[in-house]
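Work through these short exercises with the sequence and the model side by side. Try each task before reading its solution.

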Amino acid sequence: MVTEDGVRQVALSLPETAEKPYNRLPAFRVRSHLFIRIHELPDALLVRCADLEERNELLKAGPDKFFITPHYDGYPAVLVRLSQVDLDEVTELVTESWRLCAPKRLLAAYDAEHPPAP
């Protein structure tokens, strides 16, 4: 089970990330772009997805881990049940959400330092 502090640690390890509350709850931004936040629902983290297709694939592949509320219909984001994922999975989800919001130059610099595994 991943905790809010675990999410914070992963998020703040990414370049130019800052914690700034959203509705009094922890939220993380790369520059001014929100990429994840702790949700009002217990045990839930909101992460961005590339598009609705990716979101729907996550929902279908892991209904025990991923869900949405009616508020997020039509929005490329998914809620993650923190009690159902491990730190490696959260790291991947948070990093991918960050990548979607990071400016191109920052992303290019990050990719140069963190090349994808073969």
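**Exercise 1. Find the strands that helix α3 lies across, and its direction relative to β3.**

Solution. Helix α3 lies across β1, β2, β3, β4, β5 and β6. Then take the direction: α3 runs at about 155 degrees to β3. Axes are lines fitted to C-alpha atoms, for helices over the stretch in contact, and angles run from 0 to 180 degrees between N-to-C directions. Helices (H or I, at least four residues) and strands (E, at least two) are DSSP runs, numbered from the N terminus.

Two notes on the source. This is a predicted model, in which local features need pLDDT of at least 70 and side-chain atom pairs count only at pLDDT 80 or more, while totals for chains, interfaces and linings use all residues. Residues are numbered from 1 along each chain as its sequence is written, and side-chain values use heavy atoms, without hydrogens and water.

**Exercise 2. Lay out the sheet and name its edges.**

Solution. Start with the order: six strands form an open sheet, β1-β2-β3-β4-β6-β5, with antiparallel pairing. Strands pair if DSSP finds at least two bridges between them. Now the edges. β1 (17–19) and β5 (66–67) each have a single partner strand, so one side of each lacks a neighbour in the sheet.

**Exercise 3. Trace the pairings from β2 to β6.**

Solution.
- Step 1: β2 (residues 27–30) pairs with β3 in the antiparallel sense over four bridges. F28 stands opposite I36 in β3. Two residues separate the strands of this hairpin, and R31 in the turn has a positive phi of about 55 degrees.
- Step 2: β3 and β4 (residues 44–48) pair antiparallel over three bridges. R37 stands opposite L46 in β4. Their hairpin has five residues between the strands, and D43 takes a positive phi near 65 degrees.
- Step 3: Five bridges join β4 to β6 (residues 77–81), again antiparallel. L45 faces V80 across this pair, standing opposite it in β6.

**Exercise 4. Is strand β3 (residues 33–38) mostly covered or uncovered?**

Solution. β3 is mostly covered, with five of its six residues buried (under 20% relative accessible area, 1.4 Å probe, protein chains only).

**Exercise 5. Describe how α1 packs on α3.**

Solution. Helix α1 (residues 4–12) and helix α3 (residues 87–101) pack at about 45 degrees, with axes 10 Å apart. That makes α1 oblique to α3 (neither under 35 degrees, nor over 145, nor 65 to 115). Next, list the contacts (heavy atoms within 4.5 Å): G6, V7, V10 and A11 in α1 meet L87, V90, T91 and V94 in α3.

Conventions:
Buried < 20%, exposed > 50% of the residue type's maximum accessible area, 1.4 Å probe, protein only.
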